[in-house]
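Here is a short briefing to read with the structure open beside you. Shall we begin with how far each part can be trusted, and then walk through the fold, the main pocket and a handful of residues?

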Amino acid sequence: MIISRLATLAAFVLLCIAGANAPLLAQDGRQVEQGSSPTVYKIEALDNGTGQEPPRLFLDTPMGLIESFMVAGERGDWDRATAALDYADIERSEAQVDRQRLAAQLYHLMNHTVAIDWAALPDRPDAMDIDASSKNPMAGVSRRSLSIAMLELGDRRVPIRLSRVQEPGGEPVWVFSRQTVANVPALYDRYGPTQFEKMLPAPLREQAAWTLAWWELIVLPLVLIVAALAGLLTYLGIRRLREGRDEDTKIGGVLQAIHLPVTLLAFAGTFALVRNSVLRLSGPAKDLLDPFQLILVIAAILGMALAA
């Protein structure tokens, strides 16, 4: 009996030791080797680039990664740009992957959708924020994962994330995380150029300010003009209905009460409809226009509710 209990105890101890030595799962879902530290994900192999030549990007810091990737994208050097992406998840899900095409799509997102905060990008290998306030819990803390943007995708928000990884015998490098790369096709479908934009001349598609292209700077005032015309026509239409009607009557009183709210709703509704059909705004422009559009709609609805 005693020998049996000892054998059971020994088996349990061996099982615990084996579990402790098993590969650990990193914060971003990557399988890492034992010995991974808070400063780097230790991985079995880094699946970046095209394999034709060594990476020629500066991957030692988050700042170096983003700067060199954007320069490669500006030059259309997609073979070089692929070194910034970890294709591990993509390779598992698809047999044929155009790595250069994915790099080009990610560059479009970074250039036209993400408002890069260059001042907040760490230029240290450990991504430590030495300028942060002492009240910031991340002040003076080394990081191996860094989120630089959040984009809406369906009913959720997905991050554009950088990860610091190290394969056996190699130096730690920063890359776009494999989860981010796996989300690129869906994000590009959501934020990529529309058929209308693809028909425009290349100079008009270049970035002008914030995340807006030149054509968007031209079209946005036109959208406001169209919305204003819709509001004006609505205002004139209701005014004509009011003519010849005594405001003391029920219909006359209702028309008087809803005159301005319906005009405002026509302006806001037309602006939202045309904007969502033609423009795919993001970044600061979207953050500015979304509240403006929402305030107009709420004001119009409240006006009609009070008039009821």
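Confidence in this predicted model is lowest in strand 1 (residues 24–25), where the mean pLDDT is 34. At the other end of the scale, strand 6 (residues 173–176) has the highest confidence, with a mean of 96. Please keep both ends in mind as you look around.

**Confidence**

- Over residues 1–35 the pLDDT is below 50. Beyond near neighbours in sequence, this stretch still has 37 contacts in the model.
- For the chain, the mean pLDDT is 78, and 75% of its residues reach 70 or more.

**The chain as a whole**

- You can count 11 helices and 8 strands in the secondary structure of the chain.
- The chain has 308 residues, and 39% of them count as buried.
- Its accessible surface comes to about 17,600 Å². Carbon and sulfur atoms account for 60% of that area.
- Take the contacts between residues at least 6 apart in sequence: 62% of them join residues at least 24 apart.

**The largest pocket**

- The largest pocket has a volume of about 380 Å³.
- It is lined by 16 residues, and those closest to its centre are Tyr107, His108, Asn111, His112 and Arg205.
- Three elements give two or more residues to this lining: helix 5 (99–112), helix 7 (195–198) and helix 8 (202–205).
- Which element gives the largest share of the lining? That is helix 5, with 7 residues.
- Sorted by class, the lining of the largest pocket holds 5 nonpolar, 5 polar and 6 charged residues.

**Two residues of helix 5 at the pocket**

- His108 lies in helix 5 and is among the residues closest to the centre of the largest pocket.
- Is His108 buried or exposed? His108 counts as buried because its relative accessible area is 14%, under the 20% cut-off.
- Setting aside neighbours within four places in sequence, His108 is in contact with Thr113, Tyr188, Tyr191, Gly192 and Pro193.
- Asn111 also belongs to helix 5 and is likewise listed among the residues closest to the pocket centre.
- With a relative accessible area of 15%, Asn111 is buried.
- Asn111 and Met70 are 41 residues apart along the chain, and their C-alpha atoms are separated by 7.9 Å.

**Helix 9 and its partners**

- Glu216 lies in helix 9, and the helix spans residues 214–242.
- Glu216 has 8% relative accessibility, so it counts as buried.
- Between the C-alpha atoms of Glu216 and Arg205 there are 8.4 Å, with 11 residues separating the two along the chain. Arg205 is the same residue that appears among those closest to the centre of the largest pocket.
- Val226 has its place in helix 9 too.
- How exposed is Val226, and why does it fall in that class? Val226 is partly exposed because its relative accessibility is 40%, which puts it between the 20% and 50% cut-offs.
- Leaving out neighbours within four places in sequence, Val226 is in contact with Thr270 and Val274.
- Val226 and Val274 are 48 residues apart in sequence, yet 8.5 Å apart in space from C-alpha to C-alpha.

**Arg190 in helix 6**

- Arg190 is found in helix 6 (residues 178–191).
- Its relative accessibility of 33% makes Arg190 partly exposed.
- From C-alpha to C-alpha, Arg190 and Leu151 are 9.8 Å apart in space, and they are 39 residues apart in sequence.

**A backbone detail at Ala127**

- Where is Ala127 found? Ala127 is in the loop between helix 5 and strand 4 (145–153).
- Ala127 is not a glycine, although it has a positive phi of about 55°.
- Ala127 is also buried, with a relative accessible area of 0%.

Notes
Residues numbered from 1 in each chain as written. Predicted model: local features only at pLDDT ≥ 70, side-chain atom pairs only at ≥ 80, totals over all residues. Heavy atoms only, no water. Helix = DSSP H or I, 4+ residues; strand = E, 2+ residues; numbered from the N terminus. Buried < 20%, exposed > 50% of the residue type's maximum accessible area, 1.4 Å probe, protein only. Contact = heavy atoms within 4.5 Å. Areas by Shrake-Rupley, 256 points an atom, 1.4 Å probe, with all protein chains shown as cover. pLDDT = per-residue confidence, 0-100. 1 Å grid on protein atoms, 1.4 Å probe; cavity = no way out; pocket = protein on both sides within 12 Å on 5 of 7 lines; lining within 4 Å. Points joined across faces, edges and corners; volume = space filled by probe spheres on them. Nonpolar A, V, L, I, M, F, W, Y, C, P; charged D, E, K, R; others polar.
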